[in-house]
Amino acid sequence: MQAKTIPTRPIPGQKPGTSGLRKKVRVFQEPPFLENFVQAILDSAPETKGATLVVGGDGRFFNDRAIQTILKLAAGNGVGRVVVGRNGLLSTPAASNLIRERDAAGGIILSASHNPGGPDGDFGVKFNTANGGPAPEKVTEAIHARTQAIDAYRLVEAPDVDLAAPGETRLGAMPVEVVDPVADYAALMQRLFDFDAIRDLFRSGFRMRFDAMSAITGPYAERILEGMLGAPAGTVVNGTPLPDFGGHHPDPNPVHCAELVALMNGPDAPDLGAASDGDGDRNLVHGPGLFVAPSDSLALLAANAHLAPGYADGLKGVARSMPTSAALDRVARKLGIPCFETPTGWKFFGNLLDAGMASLCGEESAGTGSDHVREKDGLWAVLLWLNILARRRQGVPEIVRQHWAEFGRNYYSRHDYEAIDAGSAEAMLNDLRAKLPILPGRQLGEETVASADDFAYRDPVDGSVSERQGVRLHFASGARIVFRLSGTGTEGATLRVYLERYEPERLDEDTQAFLAPLVAIADEVAEIRKRTGRAAPDVIT
Ligand code: VG1
Ligand code: CO
């Protein structure tokens, strides 16, 4: 079987965002859009020649077709071996784990994560490097540069590879190894957590609902929770991955998990409600009558991680994305370990994890993870919660309230204005940036601006600098507002406004009411309503 070189031309707009390249399915379906981008990845990662490449995706519409194209491109470019999940399925954290376990040179993950799927939905392609983590900016920049100069792609012309059963086949000279997508991941979870204690917890009548949102985590959650840990059948709902996620938005937040949230706030709430997103790297955790905000969950997991065998020796350090609340910082102070603040996006945690500077990290967007892989990991977070619940034998609300009583509470919310006009969004942020020098000392509402800047990050490991990562207003009271534009959307722009206020004593306030004065300031200083034409945010988390 001969590799064929097919001439092509650069396609504009192939610039990876916060997490890979995301576009409408229809854009990816139009050849040579996918071919060009994957060829650019392989050109920018010559280490994949003769080496192992992991390939898999979240099963959304077009996953099956895209995988076949990628296999043929991999074979045409001299990749040594491809390890692919059965039926082309791999959750993002499981793909990260496989890259590491198989000493692969990298992996290609097909997902648009929490974005909706189906023929009219979104698709995405992401390259992960040999450490199992999303490619750092210098690599994604090289990939983008390559897409702008590409003149040919190389593939083998062959029939589709049968991915329905584990085993090995060949595509030209390249072995294609189909693996059970769950097995290695489940074994890793068993090494990290006290499965006996969790089994006892379920045996004692502990009730849980895990909503897999018709996305990739279903098979993982069923095998681990119901299979290995003895949770009753039916604990996992929406457990079959569907190409369109059943028409839902696979984003585990209280807005898109409305049914689970209603159950958790009802009279017959189970002890724990949890959910995960399209590609399995995010998590939602809800106790009876109490939603655990992701920033709080991160802090709580850090404070209690030592209860799980995998973290019994303590954490070396922790890290959070800049817009994530400072609840984690308070825990780090108590533990006497460093807390790093990075830009939004998991790729910025990779160096810290590799260098052993941080063992646990997370983002306000419901992503938490540790050095067990190099991606955030939804089911891992839920299992760590279960391990903590099994050891402490207290309810979720009790544990959360005790945490606040000890550390105080960082009231926190994110307001999203979705699909707004890209031009006016850019202009709004630019005008805000222009105002930054004159803001310190200004009185806004009840608050006085202490400092105002655009977040820049210098990676402490490789010294690389990432600028313009979010406009921050810090107030003298300690409160904070952050503005940034999303890098994962496929339509117009999405403005994210992050609001935070620390409170040591009043621990049971309504979050939105408590933050309302900051919301008013955000609108005043950025003219959100005027410039977006929106009276209110589309999504409040
Ligand atoms: C969002 C989140 C960010 C997360 C990213 C990818 O990015 O804010 O924290 O890392 O999605 O998550 P943005 O640029 O839209 O704010 V996932 O689960 O979509 O891979
Ligand atoms: Co995701």
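Here is a walk through this predicted model, starting at ligand 1 and moving on to a set of paired strands.

Let's begin with where the ligand sits. The space that ligand 1 takes up is the largest cavity. Around ligand 1 there are 20 residues, and those that come nearest are Thr 18, Ser 113, His 114, Thr 488 and Arg 496. If you sort that shell by class, you get 10 polar and 10 charged residues, with no nonpolar ones.

Now for some of the polar contacts. Arg 496, already listed among the nearest residues, has a polar side-chain atom 2.5 Å from an oxygen atom of ligand 1. Ser 486 also points a polar side-chain atom at the ligand's oxygens, in the sense that the two atoms lie 2.6 Å apart. Then there's Arg 22: an N or O atom of the Arg 22 side chain is 3.0 Å from an oxygen atom of ligand 1.

Next, the strands. Take β3, which covers residues 52–57, and β4, which covers residues 81–89: these two run parallel and are joined by 5 bridges. One pair you can pick out by eye is Gly 57 with its bridge partner Leu 89 in β4. To get from β3 to β4, the chain passes through helix α3 (residues 63–76), giving a β-α-β crossover that is right-handed.

β4 has another partner to look at. It pairs with strand β9 (residues 174–179), again in the parallel sense, over 4 bridges. Here the residues to find are Val 84 and its bridge partner in β9, Val 178. So β4 pairs with β3 and with β9.

Notes: Residues are numbered from 1 along each chain as its sequence is written. Chains are lettered from A and ligands numbered from 1 in the order in which they are written. This is a predicted model: local features need pLDDT of at least 70, side-chain atom pairs count only at pLDDT 80 or more; totals for chains, interfaces and linings use all residues. Side-chain values use heavy atoms; hydrogens and water are left out. A residue is near a molecule or strand if one of its heavy atoms lies within 4 Å of it. A polar contact is a pair of N or O atoms within 3.5 Å; within protein, one must be able to donate a hydrogen and the other to accept it, and residues adjacent in sequence count only if both atoms are side-chain atoms. On a 1 Å grid over the protein atoms alone, a cavity is a set of points where a 1.4 Å probe fits but cannot get out, and a pocket is an open set with protein on both sides within 12 Å along at least five of seven lines; lining residues have an atom within 4 Å of a point. A molecule sits in a cavity or pocket if more than half of its atoms lie within 2 Å of its grid points. Ala, Val, Leu, Ile, Met, Phe, Trp, Tyr, Cys and Pro count as nonpolar, Asp, Glu, Lys and Arg as charged, and the others, Gly among them, as polar. Two strands pair if DSSP finds at least two bridges between them. A crossover is right-handed if, with the strands pointing away from the viewer, the path from the first strand over the helix to the second runs clockwise.
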